[in-house]
Amino acid sequence: MNWKKIVAGVFACGLMMGTVSAQQPAAAEYQNMLQQDFVLSYGYEGKTEKVRITGDAGKRMTAILQENLWYPKVLGTNDKIYQFYIEKVTKAKVLPLNMLGSDKLSPDEKWTEKKDRLALPEELAVLAWQDKWTSHPQSLGAPAFSGSSKRQVGSDEYDCDQYICDIRNQAGGVSGQLAYNLLYKDGKLVKAQKYLLYKGKQQLLSTLDIMEFKAGVDEGAISKLNDVKVYKAELGDINDLLDNPVEEGTMGGALNAQK
Amino acid sequence: MRRNKWMAAAVLGAFTLCLPFNMASAGKLDAYRNMLAQRNCTISYENITPAEREHNRDSSNLSATFGRMSTPPLYTHKGYKGMVVMQGEDRYVETNYGDYSKCQLKKGSDVYDFKREVKKGKETWKSFDGKATVVASEFQPEKELLYGESFGTSDVSRLLGVMLPKDRIPAGQPVYNYVGAGNLPNGQSYEDYKASSAAGLEAVRYYFDGTKLVRIASASYSRNGAGQLVGRKCILKIMDFSGTPDSSKLSMPAGLKAKSLQK
């Protein structure tokens, strides 16, 4: 067995104070939500941005909190991606998903970065590794549940489920590991922490604070966008040169057409 | 330009004729692999292939690109020079665009990012926000473990990365296999490597003058997210590649102070 794996395993155990082999009962519910429909809002410790993701099997929308209001940023459907921007009023640009890698796209519109906005935060992706909007580095192995325990963070005690992902190298070995601690209080998932286990050391990389995480898609947030005008993405044609975006209708129309 | 097309054609032609050998080692390149495996080396190169135009139209909105002034070749289509110095886990990486260089010095767990500028013939080094002191940031191994080590631009990182030991290359990156070696009419010799995956194919040729590595040329074809076939080539002229780290590069340049995170 790879000695690095053994050392990493020892450190993984060192992160916990007593191990139990089953996930929290709520974990199965959250896994279900992420596959069906959910509302999730979160922020990272040390960063001001707050993000709200709502979605179901067919679509997903991400919004950012600004001055106590959630502003839509990106919406992904089965075949299209919309990005929202403000030019006096909220407007949207649309791109068919199958054109995402095209070299005709304007790098200023940053379509790939927008699509990445629809991904689940890494710490929660362990509950939905196959999520279609979330991608993982190829070197990162799928998460393995490694145990439950009580864990102290600051002055609070949480029920902690830990998941470990191996970082693999081309020699067939494990270069390091990422450990994700999902922290529950009274049966609700409230925090998640990510650690790097490398060369015998554990380094805390991030702490995710969950503000809201419940079942059901927020149809209200999506229907609020009905009157938003939609324009085509820049595709390097005459409309770009003339700085004259082509209007495609309104969000309401586009979304109704989807149904 | 015609010569470069010929080279790309010759490199690809070589692959249709050669049977791939899954041999790990190949004579002349071994000396260079060892320098990278020992992590004691100085590499100085010039990328003589102009970078591809990134924008889909020739005009570029200046206010949108101001924040990206650290990546000028994408907008000026020029080649660039660079340098990599390694001594154990200490490392210096520089990408040089003539009057402007982007530099990074890693010493222990301190990482210093700074720039070199030439104004009116005078060379100065400053932090990216124009100060005379660079505050270190903490080295984050996570990104390197997941995505591989950076030696400058992505082309340079990839072509030098082919020579790294396998336990330093993250799984999922293309695997380069030795294909063959031969001699060229001008007296130089070459060794060929190939990587193929679902994403595409890359052929890399290492050119030697005797046993001295003088050039690395690569031709690659891949399909982008929209299913279009994209070809690119990259040619690095190697000015220096030796097993002795240039220690002058492993400390801060004249006039620039370092503020370490270590107490």
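A residue counts as exposed when its relative accessible area is over 50%, as buried when the value is under 20%, and as partly exposed in between. The model shown in these views is predicted.

**Figure 1. Lys199(A) in the loop between β10 and β11 of chain A.** Lys199(A) has a relative accessibility of 62%. Because this value is over 50%, Lys199(A) counts as exposed. The backbone of Lys199(A) has a phi near 50°, a positive value in a residue that is not glycine. Most residues other than glycine have a negative phi.

**Figure 2. Lys120(B) in the loop between β5 and β6 of chain B.** The flanking strands are β5, residues 110-119, and β6, residues 122-127. Phi of Lys120(B) is about 55°, and so positive, although the residue is not a glycine. The relative accessible area of Lys120(B) is 87%, and the residue is therefore exposed.

**Figure 3. The contact between chain A and chain B.** On the side of chain A, 32 residues are in contact with 28 residues of chain B. The area buried between chain A and chain B is about 2400 Å², and carbon and sulfur atoms give 52% of this area. In chain A, the residues that lose the most area to chain B are Pro107(A), Asp108(A) and Gln170(A), which together make up 27% of what that side buries. Between chain A and chain B there are 10 residue pairs in polar contact, with both residues at pLDDT 80 or more. Five elements are drawn here: β8 (156-168), β9 (174-185), β10 (188-198), β11 (201-215) and α6 (238-241) of chain A are the elements that give two or more residues to the side touching chain B. Of these, β10(A) gives the most, with 3 residues. By residue class, the side of chain A that touches chain B divides into 13 nonpolar, 11 polar and 8 charged residues.

**Figure 4. The salt bridge between Glu142(B) and Lys194(A).** The count of salt bridges between chain A and chain B is 1. In the pair of Glu142(B) and Lys194(A), the closest N and O atoms are 2.6 Å apart. Glu142(B) has a relative accessibility of 15% and counts as buried. Lys194(A), at 6% relative accessibility, also counts as buried. Side chains of opposite charge can pair when their charged atoms come close.

**Figure 5. A salt bridge in chain A, beside the pair that joins two chains.** Over all chains, a search of the whole structure finds 28 salt bridges. Lys150(A) forms one with Asp159(A), with the closest N and O atoms 2.5 Å apart. Lys150(A) counts as partly exposed, at 45% relative accessibility. Glu142(B) lies in helix α5 (residues 141-147) of chain B and Lys194(A) in strand β10 of chain A, so that pair joins two chains.

**Figure 6. Salt bridges in chain B.** In the first panel, Arg33(B) forms a salt bridge with Asp30(B), and their closest N and O atoms are 3.8 Å apart. Both residues lie in helix α2 (residues 27-38) of chain B, 3 residues apart, about one turn of the helix. Arg33(B) counts as buried, at 16% relative accessibility, whereas Asp30(B) counts as partly exposed, at 24%. In the second panel, a network of salt bridges links Arg39(B), Glu89(B), Arg91(B), Glu144(B), Glu149(B) and Arg168(B).

**Figure 7. The surroundings of Phe208(B) in strand β11 of chain B.** The strand covers residues 200-209. With a relative accessible area of 0%, Phe208(B) is buried. Residues up to four places away in sequence are not counted among its contacts. Beyond these, Phe208(B) touches Lys28(B), Leu29(B), Tyr32(B), Gln188(B), Ser189(B), Tyr190(B), Glu191(B), Leu213(B) and Val214(B). Phe208(B) and Gly108(B) are 100 residues apart along the chain, and their C-alpha atoms are separated by 34 Å.

**Figure 8. Overview of chain A.** Chain A has 7 helices and 13 strands. Of its 259 residues, 47% count as buried. Among the contacts in chain A with a separation of 6 or more, 50% are between residues 24 or more positions apart. Chain A exposes about 13000 Å², and carbon and sulfur atoms supply 49% of that area.

Definitions and conventions
Residues numbered from 1 in each chain as written. Chains lettered and ligands numbered in written order. Predicted model: local features only at pLDDT ≥ 70, side-chain atom pairs only at ≥ 80, totals over all residues. Heavy atoms only, no water. Contact = heavy atoms within 4.5 Å. Buried area = accessible area lost by both parts, 1.4 Å probe. Salt bridge = Lys/Arg side-chain N within 4 Å of Asp/Glu carboxyl O. Polar contact = N/O pair within 3.5 Å; in protein donor to acceptor, adjacent residues only side chain to side chain. Helix = DSSP H or I, 4+ residues; strand = E, 2+ residues; numbered from the N terminus. Nonpolar A, V, L, I, M, F, W, Y, C, P; charged D, E, K, R; others polar. Buried < 20%, exposed > 50% of the residue type's maximum accessible area, 1.4 Å probe, protein only. Areas by Shrake-Rupley, 256 points an atom, 1.4 Å probe, with all protein chains shown as cover.
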